[in-house]
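Colleague: I've got a model open and I'd like to learn how to read it. Could you walk me through it feature by feature?

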Amino acid sequence: MTRNVKETFAAAAGGSGTPPAPAALAAKVRTLAPSMTRSMQRVAEAVAGDPAGCAALTVTGLAELTGTSEATVVRTARLLGYPGYRDLRLALAGLAAQQQSGRAPSITTDIAVDDPIADVVAKLAYDEQQTLADTAAALDTVQLGAAVTAAAAARRIDVYGVGASGLVAQDLTQKLLRIGLIAHAHSDPHLAVTDAVQLRAGDVAIAITHSGSTGDVIEPLRVAFERGATTVAVTGRPDSAVTQYADHVLTTSTARETELRPAAMSSRTSQLLVVDCLFVGVMQRTYETAAPALAASYEALAHRHRR
């Protein structure tokens, strides 16, 4: 490899170096918990479930409460983006204060087979809102800004995704094409690798995978990485395999998976938000050329919408 993978992973796990604000803590826990060890999950669930109570505990007290060790508590704090446990306690105190100020409590969104359709609509709408809020709160804007800078100046942009993530890859590519950039979406793993071989410094490759472990997405990103292209991972697992080959990691969130709502549905919502942020950032950077290109694309298609 030609780049420091360890630094990339550290950036993904800890963000840009600035501890997340109290409001982002619960979102961070929901995003990272699935990739934690079971002992770290107990710590994360405790601090998210009772921030006021945990804020009053020493590191030893929280370790005893969760049946873990002091080292596990500290590691969990660092994975959540805090330099140490003291910083996590301060954030917990801030979160507790926000909750006591009168915010509405969280509601259950489990959908039952016999739920009236009106309840289904309400629960799904709440889930979508929560997923978007969590994604926005946890998204590292430093990493996002760096990805925007690279994409805005890129000779070409390749985007990899399969399944539900493939739909998001196509959405991003379509947007980039309409502002005059050269972009390709690849859902065929053989074609993706074949195309990635042609990339070089000055190009950008973007991998979209919620699990972060999709081999058909990781392989072309690895090839692009080794060829010197700037690489970006959009993933819900910031410590997953795909981040080993990512210069920039953009973390997505997802609502809890249920029997009637597979993870692909909620993960796509957060992925679409992230790629929209990336696209708008690129359009801002390239506005002088992007605006005329977008207008030209509208004009070219206008006759298809007339009756």
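Modeller: Sure, starting with the word helix: here it means a DSSP run of H or I with at least four residues, and the numbering starts from the N terminus. Gly145, for instance, has its place in helix H9, residues 141–152. Keep in mind that this is a predicted model.

Colleague: How many helices and strands are there in the chain?

Modeller: The chain has 14 helices and 5 strands.

Colleague: Back to Gly145, then. Is Gly145 buried or exposed, or partly exposed?

Modeller: Under 20% relative accessible area is buried, over 50% is exposed, and anything in between is partly exposed. Gly145 comes out at 22%, so it counts as partly exposed. Also look at Gly281: its C-alpha atom is 7.7 Å from that of Gly145, although the two are 136 residues apart along the chain.

Colleague: And what about the whole chain?

Modeller: Out of 307 residues, 48% count as buried. The chain exposes about 14600 Å², with carbon and sulfur atoms supplying 56% of that area. Among contacts with a separation of 6 or more, 72% are between residues 24 or more positions apart.

Colleague: Now helix packing. At what angle do H5 and H6 pack?

Modeller: You read an angle and an axis distance together. H5 (residues 59–66) and H6 (residues 70–79) pack at about 100 degrees, and their axes are 8 Å apart. Angles of 65 to 115 degrees count as roughly perpendicular, so that label fits H5 and H6. On the H5 side the contact uses Val59, Thr60, Leu62 and Ala63, and on the H6 side Glu70, Val73 and Val74. By type, those contact residues are 5 nonpolar, 1 polar and 1 charged.

Colleague: Which residues make the contact between H3 and H6?

Modeller: Geometry before residues: the axes of H3 (residues 38–49) and H6 come within 9 Å and cross at roughly 70 degrees. H3 and H6 are therefore roughly perpendicular as well. H3 brings Ser39, Met40, Val43 and Ala44, while H6 brings Thr72, Val73, Arg75, Thr76 and Leu79. That contact divides into 5 nonpolar, 3 polar and 1 charged.

Colleague: One for the bench: how many disulfides does the count come to?

Modeller: A disulfide is a covalent bond joining the sulfur atoms of two cysteines. In a model you look for a pair of cysteine sulfur atoms within 2.5 Å, and by that rule the count here is 0. As for individual cysteines, Cys54 is buried, at 1% relative accessibility, whereas Cys277 is partly exposed, at 29%.

How values were computed. Residues are numbered from 1 along each chain as its sequence is written. This is a predicted model: local features need pLDDT of at least 70, side-chain atom pairs count only at pLDDT 80 or more; totals for chains, interfaces and linings use all residues. Side-chain values use heavy atoms; hydrogens and water are left out. Axes are lines fitted to C-alpha atoms, for helices over the stretch in contact, and angles run from 0 to 180 degrees between N-to-C directions. Helices (H or I, at least four residues) and strands (E, at least two) are DSSP runs, numbered from the N terminus. Angles under 35 degrees count as roughly parallel, over 145 as roughly antiparallel, 65 to 115 as roughly perpendicular and the rest as oblique. Contact means heavy atoms within 4.5 Å. Ala, Val, Leu, Ile, Met, Phe, Trp, Tyr, Cys and Pro count as nonpolar, Asp, Glu, Lys and Arg as charged, and the others, Gly among them, as polar. Buried means under 20% relative accessible area, exposed over 50%, partly exposed in between (1.4 Å probe, protein chains only). Accessible areas come from the Shrake-Rupley method with a 1.4 Å probe; for residues, only the protein chains shown count as cover.
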